[in-house]
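Reader: I would like to learn how to read helix packing. Please start with the handedness of a crossing.

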Amino acid sequence: MRILAGKIAIVTGASAGIGRAAARLFADEGARVVVTARRSELLGMLVEEIEAGGGSAAAVAGDIRDEDLHRRLVETAMERFGGLDIAFNNAGGTVGYGPMTETSTDDWRATLELNLTSGFLAAKYQAPAMMARGGGSMIFTSTFVGHSAGMPGMGAYAAAKAGLTGLVQVLAAELGPHNVRVNALLPGGVDTDANPINFPGALPETVHFINGLHALKRVAQPEEIAKAALFLGSDMASFVTGASMLADGGVSICRT
């Protein structure tokens with residue numbers, strides 16, 4: 001039997017990278033998925049791929065900073081598929097890099113809205129739907145930055161993601177009596193368009209440096225992080241809640 005047979009899931013940031021890999025993996029493992037991102041064309045292609053593989057999916061395009069999007073995602077899950085069991089709140093990102101003394105207030109606020117406030121909005125609508133089903137699993141993509149390492153130029157991002165980890169812990173305590181598990185997933189470097197190794201004109205030295213930060217001497221493929229999310233979302237992690245699970249290739253412990 002497939003791991004997520006009969007489950008209904010939301011995946012944010014699903015147009016590319018980790019989110020796209022997770023949406024496809026969840027569907028392959030039997031979940032019916034509601035996917036979201038800002039790029040509606042890419043979402044449509046993803047839904048077509050999932051359905052071509054025998055899965056079921058629905059797309060709701062939008063910005064995760066928009067409270068109405070989170071309401072619509074849950075409503076779509078309930079109306080199309082009958083409820084909500086899993087939410088992989090993966091979308092987020094950086095709003096510029098630079099020293100804290102040179103970070104604008106607007107960039108600071110935008111980073112918190114994208115990475116922290118969006119998590120609050122997701123939980124606000126997802127939790128009641130999961131409680132109505134007798135339980136569920138929320139997963140939030142955080143990062144090792146601000147958890148086990150301070151990376152220069154990433155102060156706003158680190159603060160937002162560290163705040164998200166704190167939110168996860170409180171949600172886990174509040175929702176545990178309702179059988180809703182809440183965890184943070186902390187990747188290391190991942191081979192996506194947002195990684196400097198894939199920036200136009202990236203130098204070999206840059207690629208070597210970023211790979212070398214990890215104990216495994218490489219970055220992850222999106223599918224590898226999706227598998228970690230699958231574990232947290234499934235019954236295999238039935239006694240895991242309030243955790244900050246590293247899937248970082250050893251970047252947190254590597255000093256060579």
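Author: The crossing of α1 and α2 is right-handed, meaning that the near helix is turned clockwise from the far one by less than a right angle, where anticlockwise would be left-handed. Helices (H or I, at least four residues) and strands (E, at least two) are DSSP runs, numbered from the N terminus. The model is predicted: local features need pLDDT of at least 70, side-chain atom pairs count only at pLDDT 80 or more, and totals for chains, interfaces and linings use all residues. Residues are numbered from 1 along each chain as its sequence is written, and side-chain values use heavy atoms, with hydrogens and water left out.

Reader: At what angle do α1 and α2 pack?

Author: Two packed helices are described by the angle between their axes and the distance between the axes. Here α1 (residues 17–28) and α2 (residues 40–52) pack at about 25°, their axes 10 Å apart. That makes α1 roughly parallel to α2 (angles under 35 degrees). Axes are lines fitted to C-alpha atoms, for helices over the stretch in contact, and angles run from 0 to 180 degrees between N-to-C directions.

Reader: Which residues make the contact of α1 with α2?

Author: Arg20, Ala23, Arg24 and Ala27 of α1 meet Leu46, Glu49 and Ile50 of α2 (contact means heavy atoms within 4.5 Å).

Reader: Is Ala149 buried or exposed?

Author: Ala149, in the loop between β5 and α5, counts as partly exposed at 26% relative accessibility. Buried means under 20% relative accessible area, exposed over 50%, partly exposed in between (1.4 Å probe, protein chains only). Ala149 lies 34 Å from Leu46, C-alpha to C-alpha, and 103 residues away in sequence.

Methods: Parallel < 35°, antiparallel > 145°, perpendicular 65-115°, else oblique.
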